Amino acid sequence: MTTVGERRSPELTALDGTGSRRLRLAIPNKGRLVEPTIELLKDAGLVFEDHARSLVARVRNFDLDILFVRTNDIIEFVGDGVADLGVTGQDLLAETGAELPRLRSLGYGQCRLAAAVPTDSPVQSVADLAGTRVATAHPNTARRFFANAGVDVDVIPISGAVEVAPRLGLAESIVDLVSTGSTLVMNGLRPIADVLASEAILVANPTAVVERAGELEAIDTMLSAVIAARGRKYLMMNAPAERLHDLETLLPGLESPSVIPLAHAGMIAIHAVVGADDVWSLLPRLKAAGASGILVLPIEKIVP
Ligand code: AMP
């Protein structure tokens, strides 16, 4: 196995220089976490070139370098201190068992690690798997899960195409990542238990958390402001002042809604932040409670 040091390219080594180096954030260079991660960083206002996908991108408006590395290597990079921060999947952190500080969940890459068997298998529950073979790319997590369940299985580690293992006769069941479940169905499999829920997370190097706390917090605040805003909308409406109480009960918002008197006597404007998922059910109720001229606006960032 190569170490991070051996894998480090001249491009990255050259950045090592002396003195305090720029903060480094490692993000996936391939796979399903790449696009949503880049979108989050750009929405947070970080300006960098990503098209070349070279190993390192210099952020122009912040003292930060972005390292594009394999999703599987991110935890090692952050653990070794090659990067101060990293974006990875919760499942991968659980699998390595690394004790990295987890700064936050990022709101994408949601999936679950599930145990599944062929559709025609007589197996109904985890206990029914006792004495059988389970193929998985997450052997440590699977072993922990079955040990906790008190079920003795033979875990077969494989690195890809886990879902074909039962058909190849490699195992009687699998533990694999599932999001919609359509890959399982396509492969003639049915889930029998959830092993772990996962989403993309921001992790940090333990030393950096102490020594570069201010910088880490600045990045974390930038990201959290975007994540918080993504699930919310800004509502503006006019209403007769005497309907304020009814409207306020419909609009919990972040705090209380803002109420602004209008030039037209007896009329007010109300501004409120609401959950994006609630907007469509709220609109008819707001109208019924006297609101008119309702505007629904996107929010770029929320810093509580
Ligand atoms: P990838 O690089 O595309 O193999 O995906 C890496 C990570 O994406 C996984 O370790 C998960 O954290 C996350 N992910 C989210 N949804 C899925 C899914 N349906 N299948 C596999 N990985 C997923």
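**The ligand and its shell in a predicted model**

In this predicted model, the shell around the ligand is made up of four nonpolar, seven polar and three charged residues.

User: What makes Arg32, Asp91 and Ser179 polar contacts of the ligand?

Analyst: A polar contact requires a pair of N or O atoms within 3.5 Å. A backbone N or O atom of Arg32 lies 2.9 Å from a ligand oxygen, an N or O atom in the side chain of Asp91 is 2.5 Å from an oxygen atom of the ligand, and a polar side-chain atom of Ser179 is 2.7 Å from a ligand nitrogen. Each pair therefore meets the cut-off of 3.5 Å. As for cover, the ligand taken alone exposes 480 Å², of which the protein buries 78%.

User: Which residues are the closest of those that surround the ligand, and what makes a residue count as near?

Analyst: A residue counts if one of its heavy atoms lies within 4 Å of the molecule, and 14 residues surround the ligand, the closest being Arg32, Asp91, Cys111, Leu177 and Ser179.

User: Why is the ligand said to sit in a pocket?

Analyst: The term applies if more than half of a molecule's atoms lie within 2 Å of the grid points of the pocket, and the ligand sits in the largest pocket.

User: How do you know which domains supply the shell around the ligand?

Analyst: The shell draws at least three residues from each of domain 1 (5-108 + 200-229) and domain 2 (111-198). The centres of domain 1 and domain 2, taken over C-alpha atoms, are 31 Å apart, and their contact takes five residues from domain 1 and nine residues from domain 2.

Technical notes. Residues are numbered from 1 along each chain as its sequence is written. This is a predicted model: local features need pLDDT of at least 70, side-chain atom pairs count only at pLDDT 80 or more; totals for chains, interfaces and linings use all residues. Side-chain values use heavy atoms; hydrogens and water are left out. A polar contact is a pair of N or O atoms within 3.5 Å; within protein, one must be able to donate a hydrogen and the other to accept it, and residues adjacent in sequence count only if both atoms are side-chain atoms. Accessible areas come from the Shrake-Rupley method with a 1.4 Å probe; for residues, only the protein chains shown count as cover. On a 1 Å grid over the protein atoms alone, a cavity is a set of points where a 1.4 Å probe fits but cannot get out, and a pocket is an open set with protein on both sides within 12 Å along at least five of seven lines; lining residues have an atom within 4 Å of a point. Ala, Val, Leu, Ile, Met, Phe, Trp, Tyr, Cys and Pro count as nonpolar, Asp, Glu, Lys and Arg as charged, and the others, Gly among them, as polar. Domain bounds come from an automatic or database domain assignment. Contact means heavy atoms within 4.5 Å.
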